[in-house]
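Trainee: Could we take a close look at a single part of this model together? I would like one connected walk through it.

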Amino acid sequence: MNYGLYISASGALTAMYRQDVHANNLANLDTVGFKPDFTATLQRLSARQEDGLTHLPGDAMLERLGGGALMAPNRVGFGQGSLDNTGQPFDLAIQGDGFFVTRTDGTNIDSIRLTRDGRFTRDARGRLVTAGSGLPVLDTTNDTIRIPDGPGLRIEGDGSIFMGERFIARIQVTDVLDRAQLTKEGHSLFRPTAAALDARFGASGSVRQGFIERSGTDPFRAMMATTSAGREFETNMQLIAQQDRLMERAINTLGRTA
Amino acid sequence: MAINALQSGASGLSALNTSLDVIANNLANLNTPGFKAGRANFQDLLYVEKAQPGVENAIGDQRPTGLYVGLGVKVSGTQSNFTQGAPMATGEQFDLLIDGQGFFRVTVENELSGGTGIAYTRAGAFTLNSEGQIALANDRGRRLLPEVTIPPNAERVEISSDGRILIKTPDNTEPLEVGTLELAGFVNPAGLKQIGENLFVETRASGAPQTGQPGTEGRGRLMQGFLESSNVDPTRELIELIRTQRAYEFNSQSIRAADEALRTVSQIRR
């Protein structure tokens, strides 16, 4: 069969995937603490080489062409988003490296999630929780933080919460060595692998009270990527149509028996 | 497929629409005493995992990172900003400002308040109703709790910063205490539900009110003759408006790009 048809199809599929990812980045242009995904494509080997079936016979000429394009794993761009002053006492942003730590379920260690979205509030029990999902924010001892009533709330750069002169707790700001171990889970949360969780360490970034971190999406770059992926898709589709016409010729013109 | 991009773009438009509504409401209430600015909070939606990290290929290598596509954005909630509004001097004796945390309690219909019959407000523009009770100076005339009746012969009403209501009558040289005003505090004011008319009602998220005299247990103090102005910052709102409008345009572009891709698909077979 026409090998080029499949190569063009793989190009169209990866272009489509890039468009999806960048459209999501654009949709989250205003999501606090959002980190954009970067896409990459890699050259695909022929199926025989890819699956390690080297004992099977192959077509040496086609194998040099490879198998088209494949989506490479996404990378998350963890660059610093711009800080925006809101003046609200429970809006926190991390300047520099690090993540806030929260958990989705009781004391289960597997349920620990990291986030850069520092819009917090107090729940009905006085605990510091995320404003979006109501998940508790953890302190440096992995415990929830209870904030008493009263004036004079102050959160220092290292995450320490003071009520006047009284120390309440210290918000955990953690970092992992290999950010590739973090998977995006939606709801502005990152799920770390167990290994990354064990090896986490105190982050170098500092906490800024009254600020939020804007989305890391660069709208112009994302816009360009969405458009160029669309064009790339179109080109590949036209090539598919071209090869379709070629085959039509082969069948109906060349193959016509007089 | 391009359907995902289309969905992401659409979710962006719908979330930004909500944000636009919130900003417009904030700007509309620029001069509403006691109004607290709101904001829409966004979160990224779910991700489709096309390949999980850690999966092995034929020669035993593990894929170090996953492959996933996000599905857009959603509004996770709206949040009121309970920072203090600037004091506005009016000189009216029944205009009260809370300097600090806390809310006035007023009576409302049971169905508005989830059965408690009490709503909370920071808009302290009060007046007297026909029975001499202190009530909100609006078309509803909701009564302040605990109910205080000012005798008709009162010449001047003084309300101290700790909530004591003192009156001066012609036949009395000493000020006479006729009642005490109370404020209610909440653990989580952001959990209060807004019901319009500058009123809030308690919910499970806000916690139960802790009622007591002004100036005690973290509750704010009262200032007579002042109103709390709206805490909407017009500059910030306008910047948010511009940001929202531009983000809206960007998302409409990604919808157009996805649409073009889908059209190409539909036209591939002549």
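Trainee: Which residue in β10(A) is the bridge partner of I155(A)?

Mentor: Happy to help! This is a predicted model, in which local features need pLDDT of at least 70 and side-chain atom pairs count only at pLDDT 80 or more, while totals for chains, interfaces and linings use all residues. Residues are numbered from 1 along each chain as its sequence is written, chains are lettered from A and ligands numbered from 1 in the order in which they are written, and side-chain values use heavy atoms, without hydrogens and water.

The partner of I155(A) is I161(A). That bridge belongs to the antiparallel pairing of strand β9 (residues 153-155) with β10(A), which runs over three bridges. Strands here are DSSP runs (E, at least two residues), numbered from the N terminus, and two of them pair if DSSP finds at least two bridges between them. Four residues separate β9(A) from β10(A) in a hairpin, and G159(A) in its turn has a positive phi of about 95 degrees.

On its other pairing, β10(A) joins strand β11 (residues 166-170) of chain A, again antiparallel, over four bridges. Here M163(A) has R166(A) as its bridge partner. This hairpin leaves two residues between the strands, with G164(A) in the turn at a positive phi of about 65 degrees.

Now for the faces. In a regular strand, side chains alternate between the two faces of the sheet. In β10(A) (residues 160-163), S160(A) and F162(A) lie on one side and I161(A) and M163(A) on the other, and all are buried, meaning under 20% relative accessible area with a 1.4 Å probe, protein chains only.

Technical notes:
Buried means under 20% relative accessible area, exposed over 50%, partly exposed in between (1.4 Å probe, protein chains only).
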